[in-house]
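Trainee: Please take a close look at the salt bridges with me. I would like to understand where the partners sit and how the strands around them are arranged.

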Amino acid sequence: MFLSDLQNKDIISTKTGKRLGHIIDCKIDNNGNILYLVIEQKKISLTNNDINVEFKEITKIGEDVILVNV
């Protein structure tokens, strides 16, 4: 699976059931491990609403959504 495959999926919080947004980027360490995914929220605001979700917080990757424990 590629990052571009993940970017098309909605990110859903398992704690609240709310849609958080879509993946716009990720942070990778020097060993090639994904540290966290950057989620862009769809709220209109002048401030940065991006959420960093650590890779270990992903509970399930489905066909249409990614469930995260945030």
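**The salt bridges and their surroundings**

Mentor: When the whole structure is searched, 2 salt bridges are found. Please keep in mind throughout that this is a predicted model; the mean pLDDT of the protein chain is 90, and 93% of its residues reach 70 or more. Among the elements, strand β6 (residues 65-68) has the highest mean pLDDT, 96, while helix α1 (residues 3-7) has the lowest, 89.

Let us begin with the pair formed by R19 and D10, whose closest N and O atoms are 3.1 Å apart. Side chains of opposite charge can pair when their charged atoms come close. R19 is partly exposed, because its relative accessible area of 41% lies between the 20% under which a residue is buried and the 50% over which it is exposed. D10 is likewise counted as partly exposed, at 24% relative accessibility.

R19 belongs to strand β2, and, leaving out residues up to four places away in sequence, R19 touches D10, I11, I12 and K42. R19 can also be placed relative to L67, which is 48 residues away in sequence, yet the two C-alpha atoms are 9.4 Å apart in space.

The second pair is K56 with E54, and here the closest N and O atoms are 3.4 Å apart. K56 is exposed, because its relative accessible area of 69% is over 50%, whereas E54 is partly exposed at 35%. E54 lies on the uncovered face of β4 together with N52, while I51 and V53 make up the covered face of that strand. This fits a broader rule, that in a regular strand the side chains alternate between the two faces of the sheet.

Now we can step back to the sheet that holds these strands. The sheet is open and has 6 strands in the order β4-β3-β2-β1-β6-β5, with mixed pairing. Its edge strands are β4 and β5, each of which pairs on one side only, and from one strand to the next the twist averages 40°.

Following that order from the β4 edge, we find that β3 and β4 run antiparallel and are joined by 4 bridges, with I39 having I51 as its bridge partner in β4. Strands β2 and β3 are also antiparallel, joined by 6 bridges, and I23 has I39 as its bridge partner in β3. In the hairpin of β2 and β3, with 5 residues between the strands, G32 takes a positive phi near 90°. D29 lies in the loop between these two strands and, at 23% relative accessibility, counts as partly exposed. The C-alpha atoms of D29 and E40 are separated by 21 Å, although the two residues are 11 places apart along the chain.

Continuing along the sheet, β1 and β2 run antiparallel with 2 bridges between them, and the bridge partner of I11 in β2 is G21. The hairpin of β1 and β2 has 5 residues between the strands, and there G17 takes a positive phi near 80°. On the next step, 4 bridges join β1 (residues 10-13) to β6, and these two strands run parallel; S13 stands opposite V68 in β6. Finally, β5 (residues 58-61) and β6 run antiparallel with 3 bridges, and the hairpin between them passes through 3 residues. In that pairing, I66 of β6 is the bridge partner of I61.

Having looked at the charged pairs, we should also look at the nonpolar residues. The largest nonpolar core has 12 residues, among them L6, I11, I23, I39, I51, V53, I58, I66 and V68. Two or more of its residues come from each of β2, β3, β4 and β6, and β2 gives the most, with 3 residues. I66, which is one of the core residues, is in contact with L6, K9, D10, I11, I12, I23, I58, K60 and I61 when neighbours within four places in sequence are left aside.

This brings us back to where we started, for D10 appears among the contacts of I66, and D10 is also the salt-bridge partner of R19. In the other pair, E54 shares its strand, β4, with I51 and V53 of the covered face, and both I51 and V53 belong to the nonpolar core.

Definitions and conventions:
Residues are numbered from 1 along each chain as its sequence is written. Side-chain values use heavy atoms; hydrogens and water are left out. pLDDT is the predictor's confidence in each residue, from 0 to 100. A nonpolar core is a set of buried Ala, Val, Leu, Ile, Met, Phe, Trp, Tyr and Cys residues joined through side-chain atoms within 4.5 Å. Buried means under 20% relative accessible area, exposed over 50%, partly exposed in between (1.4 Å probe, protein chains only). Contact means heavy atoms within 4.5 Å. Two strands pair if DSSP finds at least two bridges between them. Axes are lines fitted to C-alpha atoms, for helices over the stretch in contact, and angles run from 0 to 180 degrees between N-to-C directions. A salt bridge is a side-chain nitrogen of Lys or Arg within 4 Å of a carboxyl oxygen of Asp or Glu.
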